[in-house]
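Here is a quick walk through one chain, starting with a turn and working outwards to the overall fold. Keep the structure open while you read.

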Amino acid sequence: MMPLSYFGSEVLRQPAQPVIKVSAEIKKLIEEMFETNKAANGVGLAAPQVGVGKRVVIIDLSHTGIEPFALVNPILIRGRGSAEDSEGCLSLPGIFLPVPRFEKISVRARDEKGRSIVIDAEGFLARVIQHELDHLDGKLFIDRVEDKEAVERELLALKDRLAQIALTGKWEQDDE
Ligand SMILES: [Zn+2]
(Lines give C-alpha, C1' and ligand atoms only; values in the text may rest on other atoms or scores of the structure.)
Protein backbone atom coordinates (compact mmCIF):
# COMPACT_ATOMS: atom_id res chain seq x y z
CA MET A 1 0.00 0.00 0.00
CA MET A 2 1.24 3.44 -0.87
CA PRO A 3 -0.14 6.73 0.42
CA LEU A 4 -2.30 8.57 -2.12
CA SER A 5 -1.39 12.03 -3.39
CA TYR A 6 -4.30 14.41 -3.19
CA PHE A 7 -5.30 17.55 -5.07
CA GLY A 8 -2.78 20.27 -4.24
CA SER A 9 0.23 17.90 -4.40
CA GLU A 10 2.78 19.18 -6.88
CA VAL A 11 3.44 15.70 -8.32
CA LEU A 12 -0.11 15.62 -9.71
CA ARG A 13 0.62 18.69 -11.84
CA GLN A 14 4.00 17.67 -13.22
CA PRO A 15 4.46 15.68 -16.45
CA ALA A 16 5.68 12.18 -15.51
CA GLN A 17 8.99 10.82 -16.82
CA PRO A 18 9.17 7.94 -19.33
CA VAL A 19 10.24 4.55 -17.97
CA ILE A 20 13.58 3.49 -19.52
CA LYS A 21 13.28 -0.17 -18.57
CA VAL A 22 10.52 -2.25 -16.98
CA SER A 23 12.83 -3.18 -14.11
CA ALA A 24 12.13 -5.07 -10.90
CA GLU A 25 11.57 -1.68 -9.28
CA ILE A 26 8.86 -0.81 -11.83
CA LYS A 27 7.26 -4.24 -11.41
CA LYS A 28 7.12 -3.68 -7.65
CA LEU A 29 5.60 -0.23 -8.22
CA ILE A 30 2.91 -1.78 -10.45
CA GLU A 31 2.14 -4.41 -7.80
CA GLU A 32 1.83 -1.79 -5.08
CA MET A 33 -0.33 0.40 -7.30
CA PHE A 34 -2.75 -2.51 -7.81
CA GLU A 35 -2.94 -3.03 -4.03
CA THR A 36 -3.39 0.67 -3.29
CA ASN A 37 -6.09 1.01 -5.94
CA LYS A 38 -7.96 -2.02 -4.63
CA ALA A 39 -7.85 -0.78 -1.02
CA ALA A 40 -9.30 2.56 -2.19
CA ASN A 41 -11.98 0.85 -4.34
CA GLY A 42 -10.62 2.55 -7.45
CA VAL A 43 -10.86 1.46 -11.07
CA GLY A 44 -7.47 2.83 -12.06
CA LEU A 45 -4.43 4.62 -10.76
CA ALA A 46 -1.53 6.58 -12.25
CA ALA A 47 1.92 6.59 -10.63
CA PRO A 48 1.82 10.33 -9.81
CA GLN A 49 -1.18 9.55 -7.59
CA VAL A 50 1.14 7.57 -5.33
CA GLY A 51 3.81 10.26 -5.53
CA VAL A 52 5.89 8.65 -8.30
CA GLY A 53 6.54 10.82 -11.36
CA LYS A 54 6.80 7.92 -13.85
CA ARG A 55 4.68 7.04 -16.86
CA VAL A 56 2.93 4.01 -15.36
CA VAL A 57 -0.80 3.40 -14.96
CA ILE A 58 -2.84 0.44 -13.79
CA ILE A 59 -6.46 -0.32 -14.66
CA ASP A 60 -8.62 -2.66 -12.58
CA LEU A 61 -12.12 -3.20 -13.90
CA SER A 62 -12.17 -6.80 -12.68
CA HIS A 63 -15.74 -6.27 -11.40
CA THR A 64 -16.78 -6.04 -15.08
CA GLY A 65 -14.85 -9.18 -16.03
CA ILE A 66 -11.91 -7.36 -17.62
CA GLU A 67 -8.52 -8.68 -16.52
CA PRO A 68 -6.56 -5.97 -14.63
CA PHE A 69 -3.60 -4.61 -16.59
CA ALA A 70 -0.73 -2.14 -16.43
CA LEU A 71 0.42 0.33 -19.08
CA VAL A 72 4.00 1.63 -19.14
CA ASN A 73 4.80 4.68 -21.31
CA PRO A 74 1.29 4.64 -22.83
CA ILE A 75 0.59 6.79 -25.88
CA LEU A 76 -2.87 7.55 -27.24
CA ILE A 77 -2.50 6.72 -30.95
CA ARG A 78 -6.14 7.12 -31.97
CA GLY A 79 -9.34 8.61 -30.58
CA ARG A 80 -12.75 8.51 -32.22
CA GLY A 81 -16.22 9.79 -31.39
CA SER A 82 -17.11 11.62 -28.23
CA ALA A 83 -19.08 10.81 -25.11
CA GLU A 84 -19.78 12.59 -21.85
CA ASP A 85 -20.13 10.78 -18.54
CA SER A 86 -19.54 11.34 -14.84
CA GLU A 87 -15.98 10.83 -13.52
CA GLY A 88 -14.32 10.84 -10.16
CA CYS A 89 -10.72 10.53 -9.00
CA LEU A 90 -9.07 9.04 -5.91
CA SER A 91 -6.97 12.21 -5.67
CA LEU A 92 -10.09 14.39 -5.51
CA PRO A 93 -12.35 12.33 -3.24
CA GLY A 94 -16.07 13.01 -3.40
CA ILE A 95 -16.09 15.00 -6.64
CA PHE A 96 -18.08 13.57 -9.54
CA LEU A 97 -18.63 15.68 -12.64
CA PRO A 98 -19.35 15.01 -16.33
CA VAL A 99 -16.28 14.90 -18.58
CA PRO A 100 -16.21 14.75 -22.40
CA ARG A 101 -13.90 12.02 -23.76
CA PHE A 102 -13.25 10.04 -26.93
CA GLU A 103 -15.68 7.16 -27.20
CA LYS A 104 -13.16 4.77 -28.75
CA ILE A 105 -9.40 4.81 -28.40
CA SER A 106 -6.24 2.92 -29.32
CA VAL A 107 -3.27 3.06 -26.99
CA ARG A 108 0.26 1.80 -27.54
CA ALA A 109 2.29 0.91 -24.44
CA ARG A 110 4.53 -1.63 -22.75
CA ASP A 111 2.94 -4.14 -20.42
CA GLU A 112 4.21 -5.15 -16.96
CA LYS A 113 6.69 -7.52 -18.64
CA GLY A 114 8.04 -4.85 -20.98
CA ARG A 115 6.31 -6.23 -24.08
CA SER A 116 4.95 -3.82 -26.67
CA ILE A 117 1.14 -3.87 -26.77
CA VAL A 118 -1.72 -2.03 -28.45
CA ILE A 119 -5.06 -1.80 -26.67
CA ASP A 120 -8.32 -0.90 -28.39
CA ALA A 121 -11.00 0.22 -25.95
CA GLU A 122 -14.41 1.83 -25.92
CA GLY A 123 -17.03 2.97 -23.44
CA PHE A 124 -16.14 2.99 -19.73
CA LEU A 125 -12.77 1.27 -20.24
CA ALA A 126 -11.78 3.91 -22.81
CA ARG A 127 -12.85 6.61 -20.35
CA VAL A 128 -10.81 5.18 -17.48
CA ILE A 129 -7.70 4.81 -19.67
CA GLN A 130 -7.98 8.42 -20.93
CA HIS A 131 -8.41 9.65 -17.34
CA GLU A 132 -5.25 7.81 -16.20
CA LEU A 133 -3.23 8.92 -19.24
CA ASP A 134 -4.11 12.54 -18.42
CA HIS A 135 -2.50 12.08 -14.99
CA LEU A 136 0.83 11.37 -16.74
CA ASP A 137 0.69 14.82 -18.32
CA GLY A 138 -0.16 16.56 -15.04
CA LYS A 139 -3.76 16.93 -16.12
CA LEU A 140 -6.80 16.29 -13.89
CA PHE A 141 -10.37 15.46 -14.94
CA ILE A 142 -11.66 18.75 -13.51
CA ASP A 143 -9.55 20.55 -16.17
CA ARG A 144 -11.83 19.01 -18.82
CA VAL A 145 -15.15 19.73 -17.08
CA GLU A 146 -17.04 22.37 -19.05
CA ASP A 147 -19.07 23.73 -16.08
CA LYS A 148 -16.30 25.76 -14.41
CA GLU A 149 -18.64 27.07 -11.70
CA ALA A 150 -19.41 23.50 -10.64
CA VAL A 151 -15.66 22.83 -10.42
CA GLU A 152 -15.12 25.89 -8.20
CA ARG A 153 -17.99 24.83 -5.95
CA GLU A 154 -16.70 21.27 -5.66
CA LEU A 155 -13.12 22.33 -4.99
CA LEU A 156 -14.33 24.45 -2.08
CA ALA A 157 -16.05 21.41 -0.56
CA LEU A 158 -12.96 19.30 -1.28
CA LYS A 159 -10.84 21.55 0.95
CA ASP A 160 -12.72 20.42 4.07
CA ARG A 161 -12.54 16.79 3.01
CA LEU A 162 -8.78 16.96 2.44
CA ALA A 163 -8.29 18.68 5.80
CA GLN A 164 -10.17 15.79 7.40
CA ILE A 165 -8.04 13.24 5.52
CA ALA A 166 -4.84 15.04 6.60
CA LEU A 167 -6.03 14.93 10.21
CA THR A 168 -7.51 11.43 10.46
CA GLY A 169 -6.09 9.63 7.41
CA LYS A 170 -9.56 9.14 5.98
CA TRP A 171 -12.71 10.86 4.99
CA GLU A 172 -15.99 9.70 6.53
CA GLN A 173 -18.52 9.90 3.77
CA ASP A 174 -22.04 10.83 4.89
CA ASP A 175 -24.71 8.37 3.86
CA GLU A 176 -27.45 10.68 2.77
ZN1 LIG B 1 -7.57 10.33 -11.30
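## The E4-E5 hairpin

This is a predicted model, so take the geometry below in that spirit. Strands E4 and E5 form a hairpin with five residues between the strands, and Gly114 there takes a positive phi near 90 degrees. The two strands pair in the antiparallel sense over seven bridges, with E5 covering residues 116-122. If you want one pair to click on, Ser106 has Asp120 in E5 as its bridge partner.

E4 (residues 97-110) also has E3 to deal with: 12 bridges join the two, and they run antiparallel. One pair to look for here is Glu84 with its bridge partner Pro100 in E4.

## Two asparagines with positive phi

Gly114 has a positive phi, but what about residues that are not glycine? Asn41 has a positive phi of about 60 degrees although it is not a glycine. You'll find Asn41 in the loop between helix H1 (24-39) and strand E1 (44-46). Is Asn41 buried or exposed? Asn41 counts as exposed, because just 9 C-beta neighbours fall inside 10 Å and the cut-off for exposed is 12 or fewer.

Asn73 is another case: its phi is near 50 degrees, again a positive value in a residue other than glycine. Asn73, though, sits in strand E3. With 19 C-beta neighbours inside 10 Å, Asn73 counts as partly exposed, since buried would take 20 or more.

## Leu61 and its contacts

Next, look at the loop between strand E2 (56-59) and strand E3 (69-87), where Leu61 is found. Leu61 has 15 other C-beta atoms within 10 Å, so it is partly exposed.

Which residues does Leu61 touch, leaving aside its neighbours within four places in sequence? Leu61 is in contact with Val43, Ile66, Leu125 and Val128. For a sense of distance, the C-alpha atoms of Leu61 and Glu35 are separated by 13 Å, and the two residues are 26 apart along the chain.

## The chain as a whole

Zooming out, the chain has three helices and five strands. Along the sequence they follow the pattern α-β-β-β-β-β-α-α. The radius of gyration is 16 Å, close to the 16 Å the globule rule gives for 176 residues, so the chain is as compact as a globular protein of that length. Its C-alpha trace spans about 45 × 35 × 30 Å along the principal axes.

Of the 176 residues, 30% count as buried. Among contacts with a separation of 6 or more, 64% come from residues 24 or more positions apart.

Notes. Residues numbered from 1 in each chain as written. Predicted model: local features only at pLDDT ≥ 70, side-chain atom pairs only at ≥ 80, totals over all residues. Helix = DSSP H or I, 4+ residues; strand = E, 2+ residues; numbered from the N terminus. Contact = placed C-beta atoms within 7 Å. Pairing = 2+ DSSP bridges. Rg over C-alpha atoms; globule rule 2.2 N^0.38 Å.
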